Amino acid sequence: MNNTDVLIVGAGPSGLTLAASLLRRGVRTTIVDQQAAGANTSRAAAVNARTLEVLEDLDVSRRLVKQGVQAPRFSIRDRARTLIPIDFSVLPSAYPYTLLVPQSTTEQVLLDRLVELGGTVIRPKTLESVTEDADGVTAVFDDGEVLRARYVVGADGIHSTVREHAGIGFIGGAYDESFVLADVRLTGDAPEEEVVLFWATAGLTVVAPLPDGSFRIVAPVADAPAEPSVAFVQQLLDERGAGNVRVTEVVWGSRFRIQHRVADTYRAGRLLLVGDAAHVHSPAGGQGMNLGIQDAVALAAALAAVLEGGSPALLDEYSDTRRPIARDVVTLTDRLTRLATLPRALRPVRNTAMSLAGRIPAVRRALAWRLSGLVYR
């Protein structure tokens, strides 16, 4: 006897979206997470148009929009000179913008919806092993509990236990550069409804507004500090041409290194993958969390159909459809990251080439469709 139809391991944005989507369809769903509480830092901060479209049926989009900053513009600049202006406002979507909202808020909105639908996250609870048989999967947890499910989904991130037990390869590599991430208070000429990438000879820096009036800063740095100071972030912005801005406070900061990997498949029998367990890549372009949420909506539809008597081949179709999109995103973000971290001597040439490309309407249009996620409709 199965205790649940679907066991989801991991309660980040992908896991929460999947759980809520399944519950809305009447599927018995259990979701667990090894953390004692949800993360409360901002991390991913951009929700794109396609993600807002696919979250409409879950009644989540309108709630997110209420709590975010709408940025209809995205520009790549070299100091005050705009190299490539990207205008989302002309896109054929109800959400012609990037919604800037902290990941912690996104997770809370998804959790609230999950609870409304009768669900809850069981935490802290760590998966120790999964064993598949003809009728389902036996999951064993650190507290000794044994749970039976018809399917198990790994939404448990880059070090996925589900992926490991499924024996699914996770091919790729890592970038040499470290990155600094900080949410800061700024005064001066900071962008209010726009995400700006400053492509300076000294290096790249992203500046984006957040709902609480702070600004997200992301920059590749040779040796990023664990906790960036006001002086460190100020020096970054000054050296990389972010204009007349003054850092008054670092609300939160960290450093990270990035990898680029895609799972060999998103399905091994009754074990499935979603989100960072299936793909990780550079944050360039703000695609990671969006891709995972879109995975989750697609997988929920496939699982619900199979559990209602549909062909299990629908789960292969999920993998076959979503995996090429992840590979496409990895390719895009890899190119952006390598452009951002070119040797210093080549950066002026890069900027000249980008300025020329930015004059071509088709280039700007293609970037708008890709960054908004609408290209994956």
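**Figure 1. The largest nonpolar core of the predicted model.** This core holds 99 residues, and those that touch the most other members are L7, I8, V152, V153, L299 and L303. Helix 7 (residues 288–307) supplies the largest share, 11 residues. A second, separate core has 14 residues, among them A190, V207, V245 and V247. In soluble globular proteins, nonpolar side chains tend to be buried together.

**Figure 2. Surroundings of L299.** Neighbours within four places in sequence are left aside here. The remaining contacts of L299 are L18, V153, L272, L273, V274, L315 and Y318. L299 is also one of the residues that touch the most other members of the largest nonpolar core, and V153 is another of them.

**Figure 3. Packing of helix 7 against helix 8.** Two packed helices are described by the angle between their axes and the distance between the axes. For helix 7 and helix 8 (residues 313–340), the angle is about 170° and the axes are 9 Å apart. Angles over 145 degrees count as roughly antiparallel, and the two helices are therefore roughly antiparallel to each other. On the helix 7 side, the contact is made by L291, Q294, D295, A298, L299, A302, L303, A305 and V306. Helix 8 contributes L314, L315, Y318, R322, I325, A326 and V329. Sorted by class, the contact comprises 13 nonpolar, 1 polar and 2 charged residues.

**Figure 4. Strand 1 and its two parallel pairings.** Strand 1 (residues 4–9) is mostly covered, with 6 of its 6 residues buried. Strand 11 (residues 146–154) runs parallel to strand 1 and is joined to it by 5 bridges. T4 has A149 of strand 11 as its bridge partner. Strand 2 (residues 29–32) also pairs with strand 1 in the parallel sense, over 4 bridges. In that pairing, V9 is bridged to V32. L7 and I8 are among the residues that touch the most other members of the largest nonpolar core.

**Figure 5. The open sheet of 3 strands.** The strand order is 3-7-4, and the pairing is antiparallel. Strand 3 (46–47) and strand 4 (69–71) are at the edges with a single partner strand each, so one side of each has no neighbour in the sheet. Between strand 3 and strand 7 (residues 98–100) there are 2 bridges. A46 is matched with L100 of strand 7.

**Figure 6. The open sheet of 8 strands and the helices packed on it.** The strands follow the order 6-5-13-14-15-12-16-19, with mixed pairing. Strand 6 (81–87) and strand 19 (279–280) form the edges, each pairing on one side only. Strand 13 (residues 194–200) and strand 14 (residues 203–209) are antiparallel and share 5 bridges; in this pair, W199 is bridged to L204. Helix 6 (residues 230–239) packs on the sheet and touches strand 12 (170–188), strand 13, strand 14, strand 15 (215–221) and strand 16 (245–263). The direction of helix 6 makes about 75° with that of strand 16. Helix 9 (residues 347–357) lies across strand 5 (73–78), strand 6, strand 13 and strand 14, at about 45° to strand 6.

**Figure 7. Strand 15 within the sheet.** All 7 of the 7 residues of strand 15 are buried, so the strand is largely enclosed by the rest of the structure. One face carries F215, I217, A219 and V221, and the other carries R216, V218 and P220. Both faces are covered. Strand 12 pairs with strand 15 in the antiparallel sense over 7 bridges, and A182 has I217 as its bridge partner. Strand 14 also pairs with strand 15 in the antiparallel sense, over 4 bridges; here A208 is bridged to R216. The hairpin of strand 14 and strand 15 has 5 residues between the strands, and G213 in this hairpin takes a positive phi near 90°.

**Figure 8. Environment of V262 in strand 16.** V262 has a relative accessibility of 7% and therefore counts as buried, the cut-off being under 20%. Apart from neighbours within four places in sequence, V262 is in contact with G169, F170, I171, A278, H279, R323, A326, R327 and V330. A326 also takes part in the contact of helix 8 with helix 7. From V262 to G26, the C-alpha to C-alpha distance is 31 Å, with a separation of 236 residues in sequence.

Conventions
Residues numbered from 1 in each chain as written. Predicted model: local features only at pLDDT ≥ 70, side-chain atom pairs only at ≥ 80, totals over all residues. Heavy atoms only, no water. Core = buried A, V, L, I, M, F, W, Y, C linked by side-chain atoms within 4.5 Å. Buried < 20%, exposed > 50% of the residue type's maximum accessible area, 1.4 Å probe, protein only. Contact = heavy atoms within 4.5 Å. Pairing = 2+ DSSP bridges. Axes fitted to C-alpha atoms, helices over the stretch in contact; angles between N-to-C directions. Parallel < 35°, antiparallel > 145°, perpendicular 65-115°, else oblique. Nonpolar A, V, L, I, M, F, W, Y, C, P; charged D, E, K, R; others polar.
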